[in-house]
Amino acid sequence: MRDYLIRVLPKKFNFRVFGVFLPETVEEARRRQNLSPIATAALGRALAGVALLSADLKFGKILLQINGGGPLGEILAEADYQGNLRGLVKNPQVHLPPENKKLPVGKAVGNQGYLNVIRDYGLKEIYQSSSNLLSGEIAEDLAYYLTTSEQIPSACALGVLVNTDGSVLTAGGFLIQKLPEAKEEEITYLEKILTELKPITEYLSTGLKIEEVLEKIFKDIEILERRDVRFKCTCSLERVEEALIALGGEELEEMLKEGKPVEVTCEFCKERYLISIEKIKELIEERERRKNV
Ligand SMILES: [Zn+2]
């Protein structure tokens, strides 16, 4: 089954609702970056979160940056308007034992820090906004960010279940946002049902679809839009070359002096790029040419 993102209309409620199912995306990130179970859970939640934020993007991309001061270090997760997702964890090999049979994601992420959202619509300006972390559990932090920083009262659930061999069993989440028209009784109902809801992975791991979980909450729903999502990095040889040019002339001359090809590894997907000495010479010339334009 493919990973996907949905935008849902709850027919009797004034909420904006999004759902995501992405076990293959999280598994691909785990495999490429050799993530520990706790790193898999944390990055998987961040990927699910940023995917939900990207659900109504028509162009551009969104970057979610989480830094809670915990052992995992910084977490980055990015989604573009076409459903391409990528992400990384600064310290992918952190191991923390389960507590009450659950991976202590909040402890691994930490709660002494911030959650930052960068919206890049491919225009001149990028929009950046942040809030403090509450728990480091990510879903709660993202809901708090949306409620305080973007002033849209939101509820969010994100979950990743990891097999004993470390691979991903299931991953997904939902985001519910209040529309201005929402009535008090709708909010009261939602708050009540969300406290009664089990962790999202308990539903997904039994084969229930994310839309069926949302149906449990809202009874009568309509799927307005469905978009496939996948782990896909935006790196390329051209981008690596551009990054090298941007490093500056001195650095390039230094590489040339070293006299051997330069290996660049993409931090997101671990793809390796080998840049030959001849190519470095070309990049230096290209840099000079641009300076003289
Ligand atoms: Zn890459």
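The exercises below work through a sheet, a helix pair and a domain contact in a predicted model.

**Exercise 1. The open sheet**

Task: Give the order of the five strands in the open sheet, and state which strands stand at the edges.

Solution:
- Step 1. The strands are arranged as S8-S9-S2-S1-S10, with antiparallel pairing.
- Step 2. S8 (154–162) and S10 (221–228) each have a single partner strand, so one side of each is left without a neighbour in the sheet, and these two stand at the edges.
- Step 3. From one strand to the next, the twist averages 15 degrees.

**Exercise 2. One strand pair**

Task: Find how many bridges join S1 to S2, and name the bridge partner of Leu-5 in S2.

Solution:
- Step 1. S1 covers residues 4–10 and S2 covers residues 15–21; the two run antiparallel.
- Step 2. Five bridges join S1 to S2.
- Step 3. Leu-5 has Val-20 as its bridge partner in S2.

**Exercise 3. Helices on the sheet**

Task: State which strands H1 lies across, and which strands H2 lies across.

Solution:
- Step 1. H1 (residues 23–33) lies across S8 and S9 (168–178), at about 120 degrees to S9.
- Step 2. H2 (residues 37–53) lies across S1, S2, S8 and S9, and its angle to S8 is about 145 degrees.

**Exercise 4. The H9 and H10 pair**

Task: Describe how H9 packs with H10, and sort the residues of their contact by character.

Solution:
- Step 1. H9 (residues 249–258) and H10 (residues 277–292) pack at about 155 degrees, with axes 10 Å apart.
- Step 2. Angles over 145 degrees count as roughly antiparallel, so H9 is roughly antiparallel to H10.
- Step 3. The crossing of H9 past H10 is left-handed.
- Step 4. From H9, the residues Gly-249, Leu-252, Glu-253, Met-255 and Leu-256 meet Ile-277, Ile-280, Lys-281, Leu-283, Ile-284 and Arg-287 of H10.
- Step 5. The residues of this contact divide into seven nonpolar, one polar and three charged.

**Exercise 5. The two domains**

Task: Give the bounds of the two domains, and state which element supplies the largest share of the side of domain 1 that touches domain 2.

Solution:
- Step 1. The domain assignment gives domain 1 as 4–231 and domain 2 as 237–292.
- Step 2. Their C-alpha centres lie 36 Å apart.
- Step 3. Five residues from domain 1 and four residues from domain 2 take part in the contact.
- Step 4. On the domain 1 side, H1 and S5 (84–89) each supply at least two residues.
- Step 5. S5 gives the largest share, three residues.
- Step 6. That side of domain 1 divides into one nonpolar, two polar and two charged residues.

How values were computed: Residues numbered from 1 in each chain as written. Predicted model: local features only at pLDDT ≥ 70, side-chain atom pairs only at ≥ 80, totals over all residues. Pairing = 2+ DSSP bridges. Helix = DSSP H or I, 4+ residues; strand = E, 2+ residues; numbered from the N terminus. Axes fitted to C-alpha atoms, helices over the stretch in contact; angles between N-to-C directions. Contact = placed C-beta atoms within 7 Å. Parallel < 35°, antiparallel > 145°, perpendicular 65-115°, else oblique. Left-handed = near helix turned anticlockwise from the far one by under 90°. Nonpolar A, V, L, I, M, F, W, Y, C, P; charged D, E, K, R; others polar. Domains from an automatic or database assignment.
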